[in-house]
Amino acid sequence: MSKKQKNILIRIISAGILLIIAALLPLEEKSLLRLAAFLVPYGIIGWDVLWKAIRNIKNGQVFDENFLMAVATVGALAVKEYPEATAVMLFYQIGELFQSVAVGKSRKNIASLMDIRPDHANIEVDGKLVEADPEEIEQGQLIVVKPGERIPLDGIVTDGTSSVDTSALTGESVPRTVRVGDSVISGCINQSGVLKVEVTKEYEDSTVAKILDLVENSASKKAKAENFITKFAKYYTPAVVISALLLALIPPLVTGGNWAMWIHRALIFLVISCPCALVISVPLSFFGGIGGASKKGILIKGGNFLEVLANAEIIVFDKTGTLTKGVFEVDEIHPHGIDEDKLLELAAYAESYSDHPIAHSISSKYGRETDRNRISSNEEISGHGIKAVIDDHEICAGNSKLMDKMGVEIVHCDKAGTMVHISDNGQYSGHIVIADKVKESAQSAIKRLKARGVKQTVMLTGDSSSAADAAMKELGLDKAYSELLPADKVEKVEQLLEEKSPKGSLVFVGDGINDAPVLSRADVGIAMGSLGSDAAIEAADIVLMDDDPEKIALAMDISKGTLKIVYQNIIFALGVKFIVLLLGALGIANMWLAVFADVGVSVIAILNAMRAMRIKEKN
Amino acid sequence: MKKVFKLIDLDCANCAAKMENAIKDLPEVEDAVVSFMTQKMTIKAPDGTDFDELMKKVVKLCKKVEPDCEIVLK
């Protein structure tokens, strides 16, 4: 509790005790002495409200909640409802205190979810470690990160081995092992060993600064629901105040009835006229949803994107790097006349001098060191493959053109991917299929999205149609468009935008490379962040920090859950207020109920809003 | 040009909304956001705007709406 809040608490307690004493004193009803006895606690608890009311009127802020409370309670005193006036002021202050404690706590909770700001960087000065401000470290400087510390800047490990906890950035709980030569990202926590890191980016360009900037600015992109509330609040208060005035004047004038009774009813209106519950709880819900998502490695750039994502109808995926890993791997080995291991061995030896990604994928599949003594010659034939002499056998490994050239007849294969054919002394030995592997979670990601009511899942790729169709079937996608250039992708997305219903939205998921125009054309662009890819972080509306397509379903659940909470709060707060207004006009509700409708509803709505922070994925 | 300012003792969301509307009405301001959640104010004005001058007006406006709230000017 802050000092201000403690102060209020003391005033609440003392005013409460004095109010009870005043009520118990045997004073004559409606006597001046009784008024004086109640004015003491009223003054203690309400002086600042009255003072603010006067000050704000001077500043032209008429419909201010202080003013309304002042009018309501002074009005109650005037109609000689002394205990009620004091108690209403007391409850108003209790509610305000509750509200400020709850909001303060929620704000801190959410902020701590996103707190990845490093406090210092250790640098070596004359052989001693000195703590420095991360913002003052320059590119190329060496920093030391001790176990338990947060890595302050992006860099490359030059000394030491350790495991690094990336969960604050990616939501991934398994620590990553880093060694000399590996790059590390700011915001992660160094867990086990001391690391020496050469800084590659200054603080303002580092991952941590970018993410913080992104999340903090998310509050500035307001959701429709938020804008609705702001507009609503503008009209709500004056409308209630005017109806209060009419309620105080018209019935007694028309019926010639009891002025005090109607004024009392009108005062109840004033107590309920602040739209606080909505104005606080709606943005708080969005903020909570965004904070909770960022804890799970989903960065959302604004409340508006939560709204759009919740209505996702068509989801368009880029293939490479999004649904697939974007790295080549041996998919299948089809030997011809020899066994599988032997074929792989021949290929690995033939390709052992090559630096081509395909050669890497074969040697990593082979998994053993190659004994170079067995290779007596090795010749790379550009655009074709490799001719090598291994154990006195002439081995050729390459595409079908190479086989043609060598006069070797090949066995055709229908598998999608890149083929490496191998021949041994002019005899065909088989082929190895190399393909970009589909991500393990991609299939279930699509399934989960369909379970959430996504009508169409579409894949766009520059790959050949056979590779695209194979991936489409494997993943259970509805459509695949292949052999597209980046410009064609925009065109396809525009076509799909016309197909969707007006309420639904189109989501594009890409890896941020080459698809910035599509990311911005879609209703929501989701990028695979691949930790620190600047293009992705800038172009997209939502960034998945760990590149896992399954997170899209979780992001949808968070969006839907947050919106549900927002609507619950809007309906609850407005519902209670209108009912109390009605009951107040009929003379059934008293001022106590009105205070509940004001601050009580606020507190409940705030507590409800906090749930947005902890939305979990449905199965 | 966009600048962000920290706010101290902004303890009422409705006031934040009122401050935001008041600042938006200033002719030299393109857009303004007062975030109750992050306790920050973002002001967007055309390039070349004299921000020191502008902030004097903003501070004055905010004092009217919510006298307890302080804007940290750097």
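Me: Which radius of gyration does chain B have, set against that of a compact globule with 74 residues?
Reply: Keep in mind that we're looking at a predicted model. For 74 residues a compact globule would come out near 11 Å, and chain B agrees with that. Its C-alpha trace spans about 30 × 20 × 20 Å along the principal axes. So the radius of gyration of chain B is 11 Å.

Me: What percentage of the residues in chain B is buried?
Reply: Here a residue counts as buried if 20 or more other C-beta atoms lie within 10 Å of its own. Chain B has 74 residues to run through that test. The buried part makes up 36%.

Me: In what order do the elements of chain B run from the N terminus on?
Reply: Start with the inventory: chain B has two helices and four strands. Looking at contacts with a separation of 6 or more, 58% are between residues 24 or more positions apart. Walking from the N terminus, the elements go β-α-β-β-α-β.

Me: Which UniProt domain annotation covers residues 1-70 of chain B?
Reply: That span is 39% helix and 26% strand, and its end C-alpha atoms sit 22 Å apart. The label comes from an unreviewed UniProt entry. According to that entry, the domain is HMA.

Me: Which element gives the largest share of the side of chain B that touches chain A?
Reply: The contact takes 19 residues from chain A and 14 residues from chain B. On the chain B side, the elements giving two or more residues are helix H1 (13-24), strand S2 (31-35), strand S3 (40-44) and helix H2 (51-65). The largest share is three residues, and they come from H1(B).

Me: How many residues on the side of chain B that touches chain A are nonpolar?
Reply: Chain B brings 14 residues to the contact. Of the residues on that side, three are charged and four are polar. The nonpolar ones number seven.

Me: Over in chain A, what is the helix content of residues 235-254?
Reply: An unreviewed UniProt entry annotates transmembrane regions in chain A, including 31-51 and 235-254. Residues 31-51 are 95% helix and 0% strand, with end C-alpha atoms 26 Å apart. For residues 235-254, the ends lie 28 Å apart, strand is 0%, and helix is 100%.

Me: How far apart are the C-alpha centres of domain 1 and domain 2 of chain A?
Reply: Chain A is divided into domain 1, which takes in 121-152 + 154-200, and domain 2, which is 326-437. Going from one C-alpha centre to the other, the distance is 41 Å.

Me: Which residue in S6(A) stands opposite Ser162(A)?
Reply: There's an open, antiparallel sheet of three strands in chain A, ordered S6-S5-S8. Strand S6 (176-178) and strand S8 (189-190) are the edges, each pairing on one side only. Strand S5 (residues 162-165) is joined to S6(A) by three bridges. Opposite Ser162(A) you'll find Val178(A).

Me: What is the bridge partner of Leu142(A) in S9(A)?
Reply: Side chains alternate along strand S3 (residues 142-145) of chain A: Ile143(A) and Val145(A) point to one face and are buried, while Leu142(A) and Val144(A) point to the other and are not. Four bridges join S3(A) to strand S9 (residues 195-199) of chain A, and the two run antiparallel. In S9(A), the partner of Leu142(A) is Glu198(A).

Key
Residues numbered from 1 in each chain as written. Chains lettered and ligands numbered in written order. Predicted model: local features only at pLDDT ≥ 70, side-chain atom pairs only at ≥ 80, totals over all residues. Contact = placed C-beta atoms within 7 Å. Nonpolar A, V, L, I, M, F, W, Y, C, P; charged D, E, K, R; others polar. UniProt positions renumbered as here; feature names shortened; annotations may be inferred. Rg over C-alpha atoms; globule rule 2.2 N^0.38 Å. Buried ≥ 20, exposed ≤ 12 C-beta atoms within 10 Å, placed from the backbone. Pairing = 2+ DSSP bridges. Domains from an automatic or database assignment.
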